Amino acid sequence: MSERHVVLGVTGSIAAYKAVDLASKLTQAGVSVHTVMTEAATQLVGPATFRAITGLPVSTSMFELTNPFSIEHISLSEVADLMIIAPATANVIAKMAAGIADDLLTCTALATRAPILIALAMHTAMWENAATQANLETLQSLGMSFVGPATGRLASGGFGAGRFAPVTEILGVALGMLGANGDLAGRKIVITAGGTREPIDPVRFLGNRSTGKMGFALAEAARDRGANVSLISGATTLPTPAGMNVHSVGTAAEMLDTVEAVSTDADILIMAAAVADYAPEMRASEKIKKEDVDLVLPLNRTQDILNTIRDVPIRVGFAAESENLIENAKGKLVSKNLDLIVANDISRSDSGIGADNNECTILDASGNQESLPLMPKREAAERILDRVVGLLSAK
Ligand code: CTP
């Protein structure tokens, strides 16, 4: 995301303080954030806050003399790869729908040729007003994108539609828009994540320690490189990422059905999920009561998903191993006829399953072996996708 510029327009909704978090997360993602605030927004949050968070000047007026830009709204509109208006009040939407440009923010919005993302925030009654809905339709017909509003508790104390969407959701959509022309643009990628759960009875299951972090990191990285992402997730406590199709599944059989259904026109399948190899033969319909004798639970083999789905052009597997890492990974690469396999040593506590970092080795079908040092899973995801992009261009 470095060299990408966002103009963040902040308007006078109480959710303006949440825009600080958005500015921070965009900055952390490497994006240069140029903040433009309306006069009303400055009553709620200080421009100095955005300047400190983004490290860039904040503009509040058409007539500032201290700023390096010559004609402020034109410079801002031209520098933008994306303009985000967050929070966007009913008032600013109305002005934009009418083409009104009476302050720096609306002038910039009218002048920019960059895509515009609008994160709505207003009171329910204003949101539901026919004038607001008509303005929304106008802006939609002009090709603008929207996030929210969410439903929940409002600043007025009431409950309803109008809340500013979660910052992670706005961030996800924004990064997806910024990456729209990335090296995976136009590619459909199916990624599995998390562990499957095989029910024993209504309250118990056979599961594993997978948290889904690696698969989610891959899905977010692929989204930010322009891919159309389908994320098929088993058990996880991670927040649902924005800007992709997310399918939640329980068992290995459900995961297989979903992968089969969504991968028909996919270019890439990455199986990062920890799929159960065995499932209880019978699922008790009532809770199993303890008895004085030991319980033996018959298990049946589940179907191997990667081995079954063979017609996706690029297929990538993970090998979770506690011994003979490379040898076992090579065996899986060959037996499942994969293009790449990512070998993880699961005996370490600082890497692999559940950890935030991963030290892995990528093996390919031509016999090449690339060892990656310990790094955050997001970085490892980028390195894996670099290899996928290489394979796509070679095919
Ligand atoms: N996998 C799969 N379907 C299964 C089991 C595994 O698609 N029923 C995929 C995993 O998502 C991973 C790869 O196959 O990408 C290897 O999984 P792993 O659990 O390491 O190996 P297994 O093939 O299950 O073999 P073993 O458990 O004996 O190591």
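Here are four short exercises, with worked solutions, on a predicted model.

**Exercise 1. Work out how helix α1 sits against helix α9, and what the contact is made of.**

Step 1: Start with the axes. Those of α1 (residues 16-28) and α9 (residues 167-178) come within 10 Å and cross at roughly 45 degrees.

Step 2: Name the arrangement. That angle makes α1 oblique to α9, and the crossing is right-handed.

Step 3: Pick out the residues that touch. On the α1 side they are Lys18, Asp21, Leu22, Lys25 and Leu26, while α9 brings in Val167, Ile170, Leu171, Ala174 and Leu175.

Step 4: Sort them by class. You get 7 nonpolar and 3 charged residues, with no polar ones.

**Exercise 2. Do the same job for helices α10 and α14.**

Step 1: α10 covers residues 213-224 and α14 covers residues 377-394; they pack at about 60 degrees, with axes 8 Å apart.

Step 2: Angles under 35 degrees would count as roughly parallel, and 65 to 115 as roughly perpendicular. α10 and α14 are therefore oblique to each other. α10 passes α14 in a right-handed crossing.

Step 3: Now the contact itself. From α10 it takes in Lys213, Met214, Ala217, Leu218, Glu220, Ala221, Ala222 and Asp224; from α14, Lys377, Arg378, Ala380, Ala381, Glu382, Ile384 and Leu385.

Step 4: By class, that contact has 9 nonpolar and 6 charged residues, and again no polar ones.

**Exercise 3. Find which residues come nearest to the ligand, then look at its N and O partners.**

Step 1: There are 16 residues around the ligand, and Met271, Ala273, Phe318, Lys332 and Lys336 come nearest.

Step 2: Check the backbone. Met271 places a backbone N or O atom 2.7 Å from a ligand oxygen. For Ile305, a backbone N or O atom is 2.9 Å from a ligand nitrogen.

Step 3: Check a side chain. Lys332 has a polar side-chain atom 2.8 Å from an oxygen atom of the ligand.

Step 4: A polar contact needs a pair of N or O atoms within 3.5 Å. The Met271 distance of 2.7 Å fits that, as do the 2.9 Å for Ile305 and the 2.8 Å for Lys332.

**Exercise 4. Track down some backbone oddities: two cis peptide bonds and a positive phi.**

Step 1: Look at omega from Ala86 to Pro87. The value is near -5 degrees, and the bond is cis. Pro87 belongs to strand β4 (residues 82-88).

Step 2: Move on to Gly148 and Pro149, joined by a cis bond with omega about 0 degrees. Pro149 sits in the loop between β6 (145-147) and β7 (150-153).

Step 3: Finish with phi. Asn324 is not a glycine, yet its phi is positive, near 45 degrees. You'll find Asn324 in the loop between β17 (314-321) and α13 (325-335).

Definitions and conventions:
Residues are numbered from 1 along each chain as its sequence is written. This is a predicted model: local features need pLDDT of at least 70, side-chain atom pairs count only at pLDDT 80 or more; totals for chains, interfaces and linings use all residues. Side-chain values use heavy atoms; hydrogens and water are left out. Axes are lines fitted to C-alpha atoms, for helices over the stretch in contact, and angles run from 0 to 180 degrees between N-to-C directions. Helices (H or I, at least four residues) and strands (E, at least two) are DSSP runs, numbered from the N terminus. Angles under 35 degrees count as roughly parallel, over 145 as roughly antiparallel, 65 to 115 as roughly perpendicular and the rest as oblique. A crossing is left-handed if the near helix is turned anticlockwise from the far one by less than a right angle, and right-handed if clockwise. Contact means heavy atoms within 4.5 Å. Ala, Val, Leu, Ile, Met, Phe, Trp, Tyr, Cys and Pro count as nonpolar, Asp, Glu, Lys and Arg as charged, and the others, Gly among them, as polar. A residue is near a molecule or strand if one of its heavy atoms lies within 4 Å of it. A polar contact is a pair of N or O atoms within 3.5 Å; within protein, one must be able to donate a hydrogen and the other to accept it, and residues adjacent in sequence count only if both atoms are side-chain atoms.
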